[in-house]
Amino acid sequence: MSAQYDAIGEKYVGWKDTPIPTYTEVPTVKRLLSGQIEGRNVLDLASGTGYYSRLFKRWGAAGVVGVDVSETMVAAAREAEARDRLGIEYRVADAAELPRLGSFDFATATYLLHYAETAEAMGRMCRNIAANLKPGGLLMALLPEPDYVMGRGDTERYGFTYRLVASDKDWRLVHADVHTNPPFSIEYRHWARAVFDEAVRSAGFADLRWHPFEVSPEGLAKFGPGYWRDLIENPMSTILTARLVGPTGR
């Protein structure tokens, strides 16, 4: 994963300005965290260039530590912090080997868990996340939608195209071409929902909930309902939330 994102570098920032992140992903994340993130400490895993780390701080988080496996991405995040200081700390680390960095109220994993090459590796990531959370702490993971049907609907209008590279019982390896300027490509796995659920539960989390992306009123007004139909009927991404079980089991 590091090699992919070292090569992409700051090209990935361009994706965040396209319609899906702007009018579905970010508004849904903000709604789910509303009233919960204020005054809390956040561990932002797969923080990349710090896009969500900066949003979390601006949404009221008391402290944010961003962690990414790519040195290139972390360097870009640190440069952004130097230009506009928000008090965010950035670390280079692999989630599969994540050390204990503190005791956080929230951990966010933005398109991280699906890069695990095995179910065991995903479980190890989740256990490392749990080790950095307080009892009752929240995990929010942005993930490829396990039930996405490739070839159904038009993705090019949203700024990317997919093709299947390989598949197995529990996963499909997908190649995505992202049509930003400049463009970039990336490969990742669409894991089965049961694999995500088992990895999270086995790490000590409960109250698992899957949340579809919702189109914001601004997005509906700008593009119209027809533009979003393919995304709503066959979503490409989703959000999983879960809470770490405390000593009393709650």
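**Exercise 1. The strand β7 and its sheet**

Determine how many of the residues of β7 are buried, and establish the order of the strands in the open sheet of 3 strands.

*Solution.* Step 1. In this predicted model, strand β7 is mostly covered, with 7 of its 8 residues buried.

Step 2. The strand order of the open sheet of 3 strands is β6-β7-β8, and the pairing is antiparallel. β6 (160–167) and β8 (184–191) are at the edges with a single partner strand each, so one side of each has no neighbour in the sheet. From one strand to the next, the twist averages 25°.

Step 3. The pairing of β6 with β7 (residues 171–178) is antiparallel and extends over 7 bridges. Within this pairing, Arg163 has His175 of β7 as its bridge partner, and Tyr162 stands opposite Ala176 in β7. The two strands form a hairpin with 3 residues between them.

Step 4. On the β8 side, β7 is joined to β8 by 8 bridges, again in the antiparallel sense. Here Trp171 stands opposite Trp191 in β8. β7 and β8 likewise form a hairpin, with 5 residues between them.

**Exercise 2. A residue in the β7–β8 loop**

Decide whether Thr180 is buried or exposed, and identify the residue whose backbone oxygen lies 2.8 Å from a polar atom of the Thr180 side chain.

*Solution.* Step 1. Thr180 is placed in the loop between β7 and β8.

Step 2. The cut-off for a buried residue is under 20% relative accessible area. Thr180 has a relative accessibility of 12% and therefore counts as buried.

Step 3. A polar atom of the Thr180 side chain lies 2.8 Å from the backbone oxygen of Pro182.

**Exercise 3. The open sheet of 7 strands and its helices**

State the strand order of the open sheet of 7 strands, and find which strands α3 touches.

*Solution.* Step 1. The 7 strands are ordered β3-β2-β1-β4-β5-β10-β9, with mixed pairing. The edge strands, β3 (89–92) and β9 (205–212), each pair on one side only. The twist from one strand to the next averages 15°.

Step 2. Strand β1 (residues 41–45) and strand β4 (residues 104–110) run parallel and are joined by 4 bridges. In this pairing, Val42 stands opposite Phe106 in β4.

Step 3. Helix α3 packs on the sheet and touches β1, β2 (63–68), β3, β4 and β5. The direction of α3 makes about 170° with that of β2.

Step 4. Helix α4 (residues 71–83) lies across β2 and β3, and runs at about 165° to β3.

**Exercise 4. Nonpolar cores**

Determine which helix gives the most residues to the largest nonpolar core, and list the contacts of Ile129 beyond its neighbours within four places in sequence.

*Solution.* Step 1. The largest nonpolar core contains 37 residues. Leu43, Leu113, Met122, Ile129, Val200 and Phe205 have the most contacts inside it. Helix α5 (residues 119–130) gives the most to this core, namely 6 residues.

Step 2. With neighbours within four places in sequence left aside, Ile129 contacts Leu45, Ala107, Leu113, Leu139 and Phe205.

Step 3. There is also a second, separate core of 23 residues, which includes Ile37, Trp59, Ala61 and Ile239.

**Exercise 5. Aromatic pairs**

Classify the ring pair of Tyr52 and Phe56 and the pair of Tyr158 and Tyr227.

*Solution.* Step 1. A pair of aromatic rings is described by the distance of the centres and the angle of the planes. The whole structure contains 14 aromatic pairs.

Step 2. The ring centres of Tyr52 and Phe56 are 5.7 Å apart and the planes are at 25°, so this pair is stacked. Both residues lie in helix α3 (residues 51–58), 4 residues apart, about one turn of the helix. The buried residues of α3 include Tyr52, Ser53, Arg54, Leu55 and Phe56. Just after α3, Gly60 adopts a positive phi of about 115°.

Step 3. For Tyr158 and Tyr227, the centre-to-centre distance is 5.2 Å and the angle between the planes is 85°, and the pair is edge-to-face. This pair links distant parts of the chain, 69 residues apart: Tyr158 lies in the loop between β5 (133–144) and β6, and Tyr227 in helix α8 (residues 225–233). Tyr158 and Tyr227 are both buried.

Step 4. One aromatic cluster is formed by Tyr23, Tyr158, Phe223, Tyr227 and Trp228.

Terms used
Residues numbered from 1 in each chain as written. Predicted model: local features only at pLDDT ≥ 70, side-chain atom pairs only at ≥ 80, totals over all residues. Heavy atoms only, no water. Pairing = 2+ DSSP bridges. Axes fitted to C-alpha atoms, helices over the stretch in contact; angles between N-to-C directions. Buried < 20%, exposed > 50% of the residue type's maximum accessible area, 1.4 Å probe, protein only. Polar contact = N/O pair within 3.5 Å; in protein donor to acceptor, adjacent residues only side chain to side chain. Core = buried A, V, L, I, M, F, W, Y, C linked by side-chain atoms within 4.5 Å. Contact = heavy atoms within 4.5 Å. Phe/Tyr/Trp six-rings, centres within 6.5 Å; stacked < 30°, edge-to-face > 60°.
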